[in-house]
Amino acid sequence: MLYSVQASAQATRTWISGVGDDANPCSRTAPCKTFQGALPKTAGGGEINCLDPGGFGGVTITKSISIICDNTEAGILVAATNAIIINGSGVVVQISGLDIEGLGQTGVAGVNGIYFLNGASLTVRNTKIRGFRNGNGITFTPSANAALVVDNVVISESGIASDGTTGGIQVTPQAGIAVQATLTNVKIVDNLNVGLRIDTQAGAGTMAAVTVKNSQFSNDGSGIAVRSIAGAPATLMLTDSVVSGNGTTGIFSKGAASVACVGNSTITGNNAALTIGSGGSIFTYGDNRLDGNTADTAFTLPVIAKH
């Protein structure tokens, strides 16, 4: 009986390896092969680490966990599915050091690089996500109030050609849900449709507030889109960033509760610098560089005073 209890115990830290085996206990000396194999052997709130390079497969996360693989090549490659799904009440998930590949234009491209359905928070750091032509690099659509942090991440070559809404990161809380997102040192480039989309829908309590700093949105369909429905606030604070070379517009805002505020940023080389739809606003702190666009459209007035 004692042996049985020990064999089934979960470790707070587990290990995977390109030459591991999911029949192993996921220890340092007997690592597992995949993230999904290591997950049930890792205690809630614990951590999975990578020992050496490998392709470690997609994973569905339903408990708090950290996947940290900063010191080696930790790959996930998927076709016609999601690479990482997060769907657990109250879970806190951290991901760092992954290379997530969705096979791009092969016809069996992945759906979403990371698909967040439910949980308390998601942090993604030091990661590359590319080739998800059936969805987004990151889709953040929680069914409970949640927070998103994205730091030092590159997202490229994603989005569905025919839908006009997908691409790099999509922040779309479900009705009645409030989300906060912070993006720093992010490069969202060469995606279809839109680099960052912030989109709220009708429902009391619905809110999406996104802060972006020191980031780049280039060569996407549109750089950033902010859209609100029926008074559900959708807000963007963009500072120290570059929005350039986007085929449709640099920044788009539509809806009476849709507000973008931009400071110390460069908007250049886009078809239209800014597009302001019905009720939307794009304010400036007066220290931006807006030129070299096919149409150098103007910010919403008045200029926001700096303090």
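**Figure 1. The disulfide of cysteine 50 and cysteine 69 in the predicted model.** Cysteine 50 and cysteine 69 are both buried, where buried means under 20% relative accessible area, exposed over 50%, and partly exposed in between (1.4 Å probe, protein chains only). A disulfide, defined as a pair of cysteine sulfur atoms within 2.5 Å, joins cysteine 50 to cysteine 69 with an S to S distance of 2.0 Å. The pair links distant parts of the chain, 19 residues apart: cysteine 50 lies in strand 2 (residues 42-50), and cysteine 69 in the loop between strand 5 (65-68) and strand 6 (74-77). Strands (E, at least two residues) are DSSP runs, numbered from the N terminus. The link of cysteine 50 and cysteine 69 is right-handed, with 55° about the S-S bond. This is a predicted model, in which local features need pLDDT of at least 70 and side-chain atom pairs count only at pLDDT 80 or more, while totals for chains, interfaces and linings use all residues. Residues are numbered from 1 along each chain as its sequence is written, and side-chain values use heavy atoms, with hydrogens and water left out.

**Figure 2. The disulfide of cysteine 26 and cysteine 32.** The sulfur atoms of cysteine 26 and cysteine 32 are 1.8 Å apart. This link is left-handed, with -75° about the S-S bond, and both of its cysteines, 26 and 32, are buried. The count comes to two disulfides, and their pattern is 1-2, 3-4 when bonded cysteines are counted along the chain.

**Figure 3. The largest nonpolar core.** A nonpolar core is a set of buried Ala, Val, Leu, Ile, Met, Phe, Trp, Tyr and Cys residues joined through side-chain atoms within 4.5 Å. The largest one has 66 residues, and those with the most contacts inside it are Phe35, Ile84, Leu98, Ile114, Leu122 and Leu196. Strand 13 (residues 146-156) gives the most to this core, with five residues. Leaving aside neighbours within four places in sequence, isoleucine 84 has contacts (heavy atoms within 4.5 Å) with residues including Val59, Ile61, Leu98, Ile114 and Tyr115.

**Figure 4. An open sheet of nine strands.** The strands follow the order 4-7-10-12-14-17-20-23-26, with parallel pairing; two strands pair if DSSP finds at least two bridges between them. Strand 4 (59-61) and strand 26 (272-276) are the edge strands, each pairing on one side only. Three bridges join strand 4 to strand 7 (residues 84-87), which run parallel. Threonine 60 has isoleucine 85, in strand 7, as its bridge partner.

Conventions: Helix = DSSP H or I, 4+ residues; strand = E, 2+ residues; numbered from the N terminus.
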